[in-house]
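User: Could you take a close look at one part of this model for me, a loop residue with an unusual backbone angle, and tell me how it sits in the whole chain? I'd like the cut-offs spelled out as you go.

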Amino acid sequence: MISIFPTIIHDIDVPTFKQIESDLLKFVYQEKKKDSGGVNISNVGGWQSKELDFDNILSKIIIESVEKYFITTKILNEGVRLNSIRPWININKKGDFNRMHTHPGSDFAGVFWIKTPEKCGDIEFNSPSYHSQYNEFMSYNDMFQHSTGCVPSCSISPIAGKIFLFPSAIYHQVRRNDSNQDRISSSFNIKLS
């Protein structure tokens, strides 16, 4: 077998997360207090902020972490630039979730997990070939599906202090928060040039 056309999810650790966690939480709730109505994009219940500017703790840590990741791994061609990293905040209380969506107009979509209590809802990605290869995916046994990643969808449990970057055209959703605490994340888009 030869595997072709993979979907890459970049899994980035934020090494300073524990030192800044309380400052991030304070910032998040201050932003919600400033604009309690927020916006409604993919959230069902919960609260989403407008896009933030660059001069705050959240934007700075996301930009710094993503840039450091690409500098350290050296996986981008020389001269490729990361543009338009403007995060927004997501706060989902018990019962809230984010419906299936994509991030048009960008190359990468990203999420930075800030608070992830147990049972707060996994992020689920649909294969780009979900529709066209569904019968093929479902014909393979479980062992083959999981060893090759040849599945119609994949769920990943969120971990506070991690950033996931993935192709913005990938359909994804965040499952229902079944904990009694807020699930907090920040999402953002990246354009490559």
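Analyst: Let's start with the whole chain, which has four helices and 12 strands; these are DSSP runs numbered from the N terminus, with helices (H or I) of at least four residues and strands (E) of at least two. The radius of gyration is 17 Å, close to the 16 Å from the globule rule for 193 residues, so the chain is as compact as a globular protein of that length. That radius is taken over C-alpha atoms, and the rule is 2.2 Å times the number of residues to the power 0.38. Along the principal axes, the C-alpha atoms fill a box of roughly 50 × 45 × 30 Å.

A word on provenance: this is a predicted model, where local features need pLDDT of at least 70 and side-chain atom pairs count only at pLDDT 80 or more, while totals for chains, interfaces and linings use all residues. Residues are numbered from 1 along each chain as its sequence is written, and side-chain values use heavy atoms, with hydrogens and water left out.

Now for the part you asked about: serine 84. You'll find serine 84 in the loop between strand E4 (82-83) and strand E5 (88-92). Its phi is near 65°, a positive value in a residue other than glycine. For context, most residues other than glycine have a negative phi. Serine 84 counts as partly exposed because its relative accessibility is 44%; on this scale buried is under 20% relative accessible area, exposed is over 50%, and partly exposed is in between (1.4 Å probe, protein chains only).

What does serine 84 touch, not counting residues up to four places away in sequence? Asn189 and Lys191, where contact means heavy atoms within 4.5 Å. By comparison, serine 179 is 95 residues from serine 84 along the chain, and their C-alpha atoms are separated by 33 Å. As for the chain's contacts between residues at least 6 apart in sequence, 85% join residues at least 24 apart.

Phenylalanine 5 also has a positive phi, near 55°, and isn't glycine either. Phenylalanine 5 sits in the segment before strand E1 (10-13) and is exposed, with a relative accessible area of 73%.

Another loop residue worth a look is proline 128, between strand E8 (123-126) and helix H3 (134-139). Proline 128 is exposed, at 59% relative accessible area. Leaving aside neighbours within four places in sequence, proline 128 is in contact with Thr7 and Ile170. Serine 153 is 25 residues from proline 128 in sequence, and the two are 9.2 Å apart in space, C-alpha to C-alpha.

Back to the chain as a whole: buried residues make up 42% of the 193. Cysteine 120 is one of the buried residues, at 3% relative accessibility. Cysteine 150 is buried too, with a relative accessible area of 15%. The structure holds zero disulfides, a disulfide being a pair of cysteine sulfur atoms within 2.5 Å. For cysteine 120, the closest cysteine sulfur is in cysteine 154, 16 Å away, so it is too far for a bond. Cysteine 150 is in no disulfide either, and its nearest cysteine sulfur, that of cysteine 154, is 12 Å away.
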